[in-house]
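Work through the following exercises with the sequence and the coordinates side by side. Each task is followed by a solution that goes step by step.

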Amino acid sequence: MPDQVEDSLLDRRLVFVTGKGGVGKTSTAAAIAELAARSGRRTLVCEMDAKGALADALGASQLRFDPVEVEPDLFAMAMNTEDSLREYLRLFVKVPLIGKIGPLARTFDFVADAAPGVKEILAVGKICHEVKIRSYDLVVVDAEATGHIVAQIGAPKVIRDLVQVGMVRDQTDWMLDILHDPVVTGVAIVTTPEEMPVTETLELVGRLEDETGVAPTTVVANRVLEPWFDDDESCRVVEHLVDHRAELVDQVGRGAGAVLDAARVAEARRAIGDGHLDRLRDSIDVPIVTVPELFTRATGRRVVALVADALEGRI
């Protein structure tokens, strides 16, 4: 499988980014948004779970429902139930609202817990609305993790199946038109070369299109250790170092032994990771793009910029 997406994610108008917790989903979403902004596209990146990770990644203050420009052409926001409900009532039900709607939002939460897809459709509806009115050239969604993304993206389909006629049915129809158009909507699944993230990625690829009608566009394999040598060279180098370990320690000092041990561990980790990526490539018909391990203690904007550099020209 070529390590490049045939149709650029950046040419779409809506991109969901998901992945198992801890694989770098938020940094990747921010990096994709940064790449779009670099190219002159007016871009919105939205955090769906509002935990604050996106603000940290962008080096911004706390994000709210109203988008803020965090750098030229790049806007960021965080989703929340009360504001999304307020906007839904204003835009679609034509109800003017003044002040807080906390009691209404709490009632809505109670209803949403009993009706699957109701809360999710507000969030997805907000995103699709931004795409529909073309406020931005690209909307990047830092979506829910792999265990919840199917329910999130599939909410309009669930509601459409439950409601056969009326205003709600009409609204889900236009949302589905956006979500099911692969020219408009893409999904990037972030993983790492480890057993559980790869397994969850394989499961999600299988479920996503079947249950939501939205096919995954690409897989971003993050934190991939790149080989220092080809396989034959690697074996010869490791064997040589093992055979001459005592000599090297005598000549250089005990630190040489620690360096050799670390190199062997890194090489073993790389080989195991390659095995997991091979399993991924052999099992899915989705392009895979790799991002190398970033050996840096930097966080936030610096990491996002490095991931964006690694993805540039490949997505």
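**Exercise 1.** How many disulfides does the rule give, if a disulfide is a pair of cysteine sulfur atoms within 2.5 Å?

Solution. The model is a predicted one, in which local features need pLDDT of at least 70 and side-chain atom pairs count only at pLDDT 80 or more, while totals for chains, interfaces and linings use all residues. Residues are numbered from 1 along each chain as its sequence is written, and side-chain values use heavy atoms, with hydrogens and water left out. A disulfide is a covalent bond between the sulfur atoms of two cysteines. By the distance rule, the count comes to zero disulfides. Two cysteines can then be placed by accessibility, where buried means under 20% relative accessible area, exposed over 50% and partly exposed in between (1.4 Å probe, protein chains only). Cys 46 counts as buried because its relative accessibility is 0%, and Cys 128 is buried, with a relative accessible area of 0%.

**Exercise 2.** Describe the surroundings of β2, taking helices (H or I, at least four residues) and strands (E, at least two) as DSSP runs numbered from the N terminus.

Solution. Begin with burial: five of the five residues of β2 are buried. Thr 43, Val 45 and Glu 47 point one way from the strand, whereas Leu 44 and Cys 46 point the other way. Next come the partners, given that two strands pair if DSSP finds at least two bridges between them. β2 pairs in the parallel sense with β4 (residues 74-78) over five bridges, and Leu 44 stands opposite Phe 75 there. β2 also pairs in the parallel sense with β5 (residues 138-142), again over five bridges, and the bridge partner of Glu 47 in β5 is Asp 142.

**Exercise 3.** Is Lys 51 buried or exposed?

Solution. Locate the residue first: Lys 51 lies in the loop between β2 (43-47) and α2 (53-58). Lys 51 counts as exposed because its relative accessibility is 71%. Its C-alpha atom is separated by 9.8 Å from that of Met 79, 28 residues apart along the chain.

**Exercise 4.** Which elements of the chain have the lowest and the highest mean pLDDT?

Solution. pLDDT is the predictor's confidence in each residue, from 0 to 100. The chain has a mean pLDDT of 84, and 80% of its residues reach 70 or more. Among the elements, helix α4 (residues 102-114) has the lowest mean, 50, and β5 the highest, 98. Where pLDDT is low, the predicted coordinates should not be read in detail.

Note on methods:
Disulfide = S-S within 2.5 Å.
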